[in-house]
Amino acid sequence: MDKREARLRRARKTRVRIAEQCMTRLVVYRSNAHIYAQIIAPTGDRVLASASTAEVDARKSLKNGGNRAAATEIGKRIAERAKAVGVDAVAFDRAGYRFHGRVKALAEAAREAGLKF
C-alpha cells in the first residue's frame, strides 16, 4: 500500500463515521501548491460553499498558496461562506491527512471565524 492508498483508506473510515451522524461536513484537500475547502451537504450530493487558494481573488492576496498563512486565510473564507448559506456546525473531514500544519491552520481559522466542529 502506498501513501495515497493509505490516505484514502483513512478518509473512507472518517466519511463513514460522518455519514452515520448525517452532518454537513467541511472537507479539506491539499496539494503542494494549493489548499481547498468545501462545505458538503449531509446527503453528500451538493457543495454548499467552497474556498481555495486557486481562486483569482485569493491568488491576488496570497503570495504562496501552499503554506500555513494561505491555509489560515482559506479557513476564514470558508467559515464566512458557510455562514452566508446558513451553516454554522459541521463535521471536519480532513480526508486522511494528519491534523497538523496546513490542515490544522485551516481548521483553527475556521473555528475562530465562528464555525463549530
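Okay, let's start on helix H1, which covers residues 3-21, and with one residue in it, Arg 12. Keep in mind that what you're looking at is a predicted model.

So, is Arg 12 buried or exposed? Arg 12 has a relative accessible area of 52%, and the cut-off for exposed is over 50%, so Arg 12 counts as exposed. And Arg 12 has company: Arg 9, Arg 10, Lys 13 and Arg 17 gather with Arg 12 in a patch of positive charge on the surface.

Now stay on that helix, because Thr 14 sits in H1 too, and Thr 14 is buried, with a relative accessible area of 14%. Buried here means under 20%. So H1 holds an exposed Arg 12 and a buried Thr 14.

Where does Thr 14 stand relative to Phe 92? Along the sequence, Thr 14 and Phe 92 are 78 residues apart, yet in space their C-alpha atoms are 9.3 Å apart.

Let's zoom out to the whole chain. You've got four helices and four strands, and reading from the N terminus the order goes α-β-β-β-α-α-β-α. The radius of gyration comes out at 14 Å, and the globule rule gives 13 Å for 117 residues, which is close, so the protein is as compact as a globular protein of that length.

For a feel of the dimensions, the C-alpha atoms fill a box of roughly 40 × 40 × 25 Å along the principal axes. And how much of the protein is buried? Of the 117 residues, 41% count as buried, and Thr 14 on H1 is one of the buried ones.

Methods. Residues numbered from 1 in each chain as written. Predicted model: local features only at pLDDT ≥ 70, side-chain atom pairs only at ≥ 80, totals over all residues. Heavy atoms only, no water. Patch = residues over 30% accessible without salt bridge, like charges linked within 9 Å, V, L, I, M, F, W, Y side chains within 5 Å. Areas by Shrake-Rupley, 256 points an atom, 1.4 Å probe, with all protein chains shown as cover. Salt bridge = Lys/Arg side-chain N within 4 Å of Asp/Glu carboxyl O. Lys, Arg positive; Asp, Glu negative; His and termini not counted. Charge placed at Lys NZ, Arg CZ, Asp CG, Glu CD. Helix = DSSP H or I, 4+ residues; strand = E, 2+ residues; numbered from the N terminus. Buried < 20%, exposed > 50% of the residue type's maximum accessible area, 1.4 Å probe, protein only. Rg over C-alpha atoms; globule rule 2.2 N^0.38 Å.
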